[in-house]
Amino acid sequence: MSLRLGDTVPDFTAETTEGPIRFHEWLGSSWGVLFSHPKDFTPVCTTELGSVARLKPEFDKRDVKVIGLSVDPLTNHAQWAADIEETQGSALNFPLIADSDRAVATLYDMIHPNASETATVRSVFVIGPDKKLKLSLTYPASTGRNFEEILRIIDSLQLTAKHSVATPADWKQGEDVIIVPSVSDEAAKEKFPGGWKTLKPYLRIVPQPGKGA
Ligand code: BEZ
């Protein structure tokens, strides 16, 4: 059964390029991104891992721990890391799980047999500090993911968690946001003393709280 939004994500132990971990303990009180790639020493995966390595400071800024996974063994991960550093301009600076027995891939339903019987698809799981699933994405092997978009999603999730606002289509950091429908006008007066614009009773626009903070 696949994971659904709001589910507590399964805990597991695994071998990684940074030593053995117990997942929930490793996450601690941080947000988390667990993502899988199909195979080491393949072109799209190499660019993706390079992208995450370059963006690591942006994940750190948001208190997000990132961890990759494939069913390749640790020895392959270690050799491939040298290729990533050589070709992508950044060393591998986050752990990679070696899920050779597919235990984690099975727990998280990362193997989709119609895509591949043996390898994980490109899954992304964004996990909140409460260990609940906030977002999942599945991409095919042929399409490299946009990790700037994952950061944008995390910005939106963290704004919602902190300020009871939602983000509109194509929203970018710093742009106006939407007061969530569960906040009444009365409660909104407290939360947003600077006021808001009502386009419809259900569509209330407010400057992004905490902007520039
Ligand atoms: C790639 O990363 O380029 C790739 C991996 C598996 C299948 C197809 C492409």
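Student: What makes the five strands one sheet, and in what order do they run?

Tutor: In this predicted model, the five strands form an open sheet ordered β5-β4-β3-β6-β7, with mixed pairing. Two strands pair if there are at least two bridges between them.

Student: Why are β5 and β7 called edge strands?

Tutor: β5 (96-98) and β7 (133-139) each pair on one side only. From one strand to the next, the twist averages 20°.

Student: How do you know that β3 and β6 pair?

Tutor: Count the bridges. Strand β3 (residues 31-36) and strand β6 (residues 122-127) share four bridges, in the antiparallel sense. The cut-off is at least two bridges, so they count as paired. Within this pair, F35 stands opposite V124 in β6.

Student: Which strands does helix α2 lie across?

Tutor: Helix α2 (residues 43-61) lies across β3, β4 (64-70), β5 and β6. Its direction is at about 165° to β4. Helix α3 (residues 74-88) lies across β4 and β5, at about 145° to β5.

Student: Why is the crossing of α2 and α5 called right-handed or left-handed?

Tutor: Handedness is read from the turn of the near helix relative to the far one: clockwise means right-handed. α2 passes α5 in a right-handed crossing. The axes of α2 and helix α5 (residues 147-163) cross at roughly 35° and come within 9 Å.

Student: What makes up the contact between α2 and α5, by class?

Tutor: Seven nonpolar, one polar and three charged residues. From α2 come E48, S51, V52, L55, E58 and F59; from α5, F147, E148, I150, L151 and I154. Glu counts as charged, so E48, E58 and E148 are the charged ones.

Definitions and conventions:
Residues are numbered from 1 along each chain as its sequence is written. This is a predicted model: local features need pLDDT of at least 70, side-chain atom pairs count only at pLDDT 80 or more; totals for chains, interfaces and linings use all residues. Side-chain values use heavy atoms; hydrogens and water are left out. Axes are lines fitted to C-alpha atoms, for helices over the stretch in contact, and angles run from 0 to 180 degrees between N-to-C directions. Contact means heavy atoms within 4.5 Å.
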